[in-house]
Amino acid sequence: MEFKKLAEILSEIESTTKRLEIVDLISKFFKTVGDEIKYTVYLLQGKVAPDYEGIELGIAEKQVIKVLSVITGKKEDFINQLLIKVGDLGQIAEDLLKEKKQVSLFSEELTITKVYNNLLELANKSGSGSQLRKQQLLQDLLQNADPLEAKYIVRIVLERLRIGLADMTIVDAIAIAFGKKEDADIVERAYNIHPDLAEIAYIAYTRGIDGIKSIKITPGIPVRSMLAERLPSLEEILQKMGGVCSMEYKYDGLRLQAHKIGDKIKLFSRRLEDVTEQFPEIANEIREFVKAETAILDGEAVPYNLDTGEMLPFQAVSQRRGRKYDVYEMAERIPVVVFFFDIIYKNGIDLTMRPYPDRKVELKNSIKEGSLRIRLAKNLIVSRTDDAEKFFNEALEAGCEGIVAKNINENSIYRAGAREYLWIKYKRDYQLEMQDTVDLVVVGAFSGQGRRAGSYGALLMAVYSRQDGTFKTVCKLGSGFTDEQLDNLPRLFQKYILKERDPRVESQMIPDFWIEPHFVLEVKGAEITLSPIHTCCYGLIKEGSGLAIRFPRFTGRWREDKSPEDATTEDEILEMYHSQKKKIIQDNPG
Ligand code: AMP
């Protein structure tokens, strides 16, 4: 199929914020693309392979400018000037090609397959001479592209497609295209255990929804992590769990999913990036101490002083190195211990449908004793609040953040990708005024004044809505930043500044700069209040009002381990608002 059709779809998605319209649009398109479906889905997502394969397109703006210069006859300097003004090379490519008008005699029509193949080859090129070859591959596409096609090709090679298409929207579209709307749950389950939507779409196209049902967990391919809900007191947690549960230390580090495939080890982060190379010592010990031919284990990697046996607070580690964005690199330099708390798969058997106590036994049986760096998460079966309190305090003393309570009844399966009450977290901060820190997404920035001139005065922060994949604003965040951090923000955000609101963002406030949802910051506030301007939980408590966080403060912790979709959800804020009210009533009876 012509790539032009896909470019038109991309353009339509970009111009609407209505999720249902987008689902309708792409599901119809999916039905027409035939066996190019796989490439279509990757390109819609602005990539050439699933994230866990870690394939990057890796072309610099400078090179794209060179190619544009060759094709349009404009000087590189001129294009550079445009870039400063317009900020989006995709847009510039479109405008320049429109101006150019005359069509090259030899131009051939671009197909989806051609565009995908060139981009894939471009992504796989490295080493000497690769820059030139990358430029040729791009040039080969752009000289055959019409203006709209050029816009999206350029954005895709720069890994900045930014059309705001949520994964769940694609899930729904696959279900509708190759089955029926109600099959979305089946597609989602497949996505949770095999997070490659292009592959899933291809299976749906060739083998229908039954094909999707047969997708299995595969060692080497990450499973989306199961997540924990939260409740404001240990008592409520016990009640919710039916009077008894297993409590585990909540280690404060990085989620790590370890895959053993014979002697081959793969480690994935919570965002499903392959981080194997950053933890060679962990990989070695898994090879040596995990007693299984194939296995997938779930745990938390924590910086650790092996001499004193002390856990180091993760926060302290990320602050020590000043700022920014490579926690894994930091973890590499500091000894790390992994505390495993679950097992998902062993020797060819999917364990996700087994109850938690069974998995726990399986986990224990799978790890040989004597490893320094791989251990079992500490846990205790608890049925009384005072025992729970005691265990919680013990966890804090050991340097943990709190506890995660785990359901132990027969339905306590491993729910990949879900945040439900089978696991409930309870952190130290619940005891403070606003019960907990929250992880919020930056969606906009306001220019600073006075001492902050040249940087930002405040950021517009949002929560994630799991229902519709949108980001809804919940506060303006201006405190808690060091001067150095403030100075760095514009540089850090530069690549993510958008000309217009990202279609996934719902906001009544108009910031000076819109920022693509990407950065997640940990924030502590004083309380949650009703607000007429923020869109989080809008109209849920009171007509014309949303919920906002009062006196928010950046804790200094960048949650780079979380994707924007892992941020605190709208539902969690609602829950926190209710429990805060309950607490006020309890503290001031009558
Ligand atoms: P949060 O990041 O606050 O949403 O808390 C959930 C995270 O706690 C998980 O994604 C894990 O990375 C981490 N965690 C630490 N210890 C445990 C544990 N014993 N069970 C489950 N998750 C844990």
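What takes the space of the largest cavity?

1. In this predicted model, the largest cavity is the space taken by the ligand. The points below begin with the residues and elements around that ligand and then turn to the aromatic pairs.

2. The ligand has 16 residues around it, and those that come nearest are Glu248, Arg255, Glu300, Lys406 and Lys425. By residue class, this shell holds eleven charged residues, five nonpolar ones and no polar ones.

3. Side chains of three residues may be noted for their polar atoms. In Glu300, such an atom lies 2.3 Å from an oxygen atom of the ligand. For Arg270, an N or O atom of the side chain is 3.0 Å from a ligand oxygen. Lys250 places a polar side-chain atom 3.1 Å from an oxygen atom of the ligand. On its own the ligand has 490 Å² of accessible area, and the protein covers 97% of this.

4. Three elements each give two or more residues to the shell around the ligand: strand 2 (245–250), strand 11 (402–406) and strand 12 (419–427). Strand 12 supplies the largest share, with four residues.

5. Away from the topic of the ligand, the count of aromatic pairs comes to 19. One of these joins Tyr42 and Tyr116, whose rings are stacked, with 6.0 Å from centre to centre and 15° between the planes. Tyr42 belongs to helix 3 (residues 37–44) and Tyr116 to helix 7 (residues 112–124). The two residues are 74 residues apart, and the pair thus links distant parts of the chain.

Key: Residues are numbered from 1 along each chain as its sequence is written. This is a predicted model: local features need pLDDT of at least 70, side-chain atom pairs count only at pLDDT 80 or more; totals for chains, interfaces and linings use all residues. Side-chain values use heavy atoms; hydrogens and water are left out. A residue is near a molecule or strand if one of its heavy atoms lies within 4 Å of it. A polar contact is a pair of N or O atoms within 3.5 Å; within protein, one must be able to donate a hydrogen and the other to accept it, and residues adjacent in sequence count only if both atoms are side-chain atoms. Accessible areas come from the Shrake-Rupley method with a 1.4 Å probe; for residues, only the protein chains shown count as cover. On a 1 Å grid over the protein atoms alone, a cavity is a set of points where a 1.4 Å probe fits but cannot get out, and a pocket is an open set with protein on both sides within 12 Å along at least five of seven lines; lining residues have an atom within 4 Å of a point. A molecule sits in a cavity or pocket if more than half of its atoms lie within 2 Å of its grid points. Ala, Val, Leu, Ile, Met, Phe, Trp, Tyr, Cys and Pro count as nonpolar, Asp, Glu, Lys and Arg as charged, and the others, Gly among them, as polar. Rings of Phe, Tyr and Trp (its six-membered ring) pair if their centres lie within 6.5 Å; planes under 30 degrees apart count as stacked, over 60 as edge-to-face and the rest as tilted.
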